[in-house]
Amino acid sequence: MELILVNLIDGLVTGLLLFMLSAGLTLIFSMMGVLNFAHASFYMLGAYFAYSISLAVGFWMGLLIAPLIVGLLGAGVERYGLRRVHQYGHVPELIFTFGLALLIEELVQFIWGKNQMPYDVPDVLNFTAFAIAGNSIPAYKIFMIFISVSIFIGLLYILTKTRVGMIIQAALSYPRTVEALGHNVPLIFMGVFGVGTALAGVAGVIAGPVLGTFPGMAFVLGSIVFVTIVIGGLGSLWGALVASLLIGWITTFAKSYNIAMSDILNGIGISTPENMSEHPLRDLWTVTSPQIADILPYILMVLILIFRPAGLFGKRES
């Protein structure tokens, strides 16, 4: 029971980190139809900017300033890059964002080098909050949960209870109607893109001290973010949250419990082959859950695409 609680907390931290990345991306994707391959690169920039700022004025100022810088950069990319490319179709947009991701990675290596940065947990949060059966839960993980939940509540309130949120949601589905009513839809697009990249920057700021701040950190989480929005459904904040938590808990529990495929197959009535060395599926029988933990979200995505293509909380277009 204690191990289950520890895994629930670890999976919650992982899932909420994914949520901060996927929440902005799902709004960008559904509003503009842009598959932004550079989204995780803004996450990386958040970590590097926060590290540099923390050297001068401390972690807390880095937490405030770095996401703002990343958000302004994201808004600038939309205004002076994507907006110009958008008229030529989706393929140029894909090429643009893919090239932007490569450019950001090269710039990061040029400015900060290829080594991992010593971006550490702030001293005020570098202690054990509590322990469960000898397993320590760092205070910084509780801080990550608090920041993520606060962002979710804030976004949910803005999108559902404020006039700005209603305009944004209307622009997601009926951009021409919103523009005809006198609203500046391109400005809304730029603002949503900037906020989405700023959220990625926040994720980088708080994840950098835990997961490491290095040039390949965008690649580590880049693909899984797109898996998250496909599972949750485009344009759905609740979908992004539920999908992120599912992925966090699935991968955490799979890595923690060493479940052998042979036990699963035996449990459903398939007997173990007598001559395992010559069996065509011998590799399948030796697989354990930690070995396939990282591909389980992709398997879940395939199942979602087969049985519910719009995602868990997405709506099928008529």
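Helices here are DSSP runs of at least four residues, numbered from the N terminus. With that in hand, let's take a walk through this predicted model.

**Stop 1: colour by confidence.** Averaged over the protein chain, pLDDT comes to 87, and 96% of the residues reach at least 70. Now pick out two elements: helix 2 (residues 39-57) has the highest mean pLDDT, 95, while helix 12 (residues 282-285) has the lowest, 73.

**Stop 2: the annotated spans.** The unreviewed UniProt entry marks "transmembrane region" at residues 12-35, 47-73, 94-112, 142-160, 181-207, 213-231, 238-257 and 295-314. Try selecting a couple of these. Residues 142-160 are 100% helix and 0% strand, and 27 Å separates the C-alpha atoms at the two ends. Next, select residues 213-231: here the helix share is 79%, again with 0% strand, and the end C-alpha atoms are 28 Å apart.

**Stop 3: two helices side by side.** Show helix 3 (residues 59-85) and helix 4 (residues 90-112). Their axes are 8 Å apart and the packing angle is about 145 degrees. Turn on side chains for V77, G81, L82 and V85 of helix 3, then for P92, E93, F96, T97 and L100 of helix 4, and you have the residues that make the contact. Sorted by class, this contact has six nonpolar, two polar and one charged residues.

**Stop 4: a pocket.** Switch to a surface view and look for the second largest pocket, with a volume of about 610 Å³. To find its centre, select T14, L211, L221, T251 and K255, which are the closest to it among the 25 lining residues. Which elements give two or more residues to that lining? They are helix 1 (2-32), helix 5 (139-161), helix 8 (185-211), helix 9 (217-232), helix 10 (237-256) and helix 14 (296-307). Colour the lining by class and you should see 15 nonpolar, six polar and four charged residues.

**Stop 5: a loop residue.** Finish at T288, in the loop between helix 12 and helix 13 (289-292). You've met helix 12 already, as the element with the lowest mean pLDDT. What does T288 touch, leaving out residues up to four places away in sequence? Select N258, I259 and A260 to see those contacts. For a sense of distance, add G191: T288 and G191 are 97 residues apart in sequence, and their C-alpha atoms are 45 Å apart in space.

Terms used:
Residues are numbered from 1 along each chain as its sequence is written. This is a predicted model: local features need pLDDT of at least 70, side-chain atom pairs count only at pLDDT 80 or more; totals for chains, interfaces and linings use all residues. Side-chain values use heavy atoms; hydrogens and water are left out. pLDDT is the predictor's confidence in each residue, from 0 to 100. UniProt positions are given in the numbering used here, feature names are shortened, and annotations may be inferred rather than shown by experiment. On a 1 Å grid over the protein atoms alone, a cavity is a set of points where a 1.4 Å probe fits but cannot get out, and a pocket is an open set with protein on both sides within 12 Å along at least five of seven lines; lining residues have an atom within 4 Å of a point. Grid points are joined across faces, edges and corners, and a volume is the space filled by probe spheres set on the points. Ala, Val, Leu, Ile, Met, Phe, Trp, Tyr, Cys and Pro count as nonpolar, Asp, Glu, Lys and Arg as charged, and the others, Gly among them, as polar. Contact means heavy atoms within 4.5 Å. Axes are lines fitted to C-alpha atoms, for helices over the stretch in contact, and angles run from 0 to 180 degrees between N-to-C directions.
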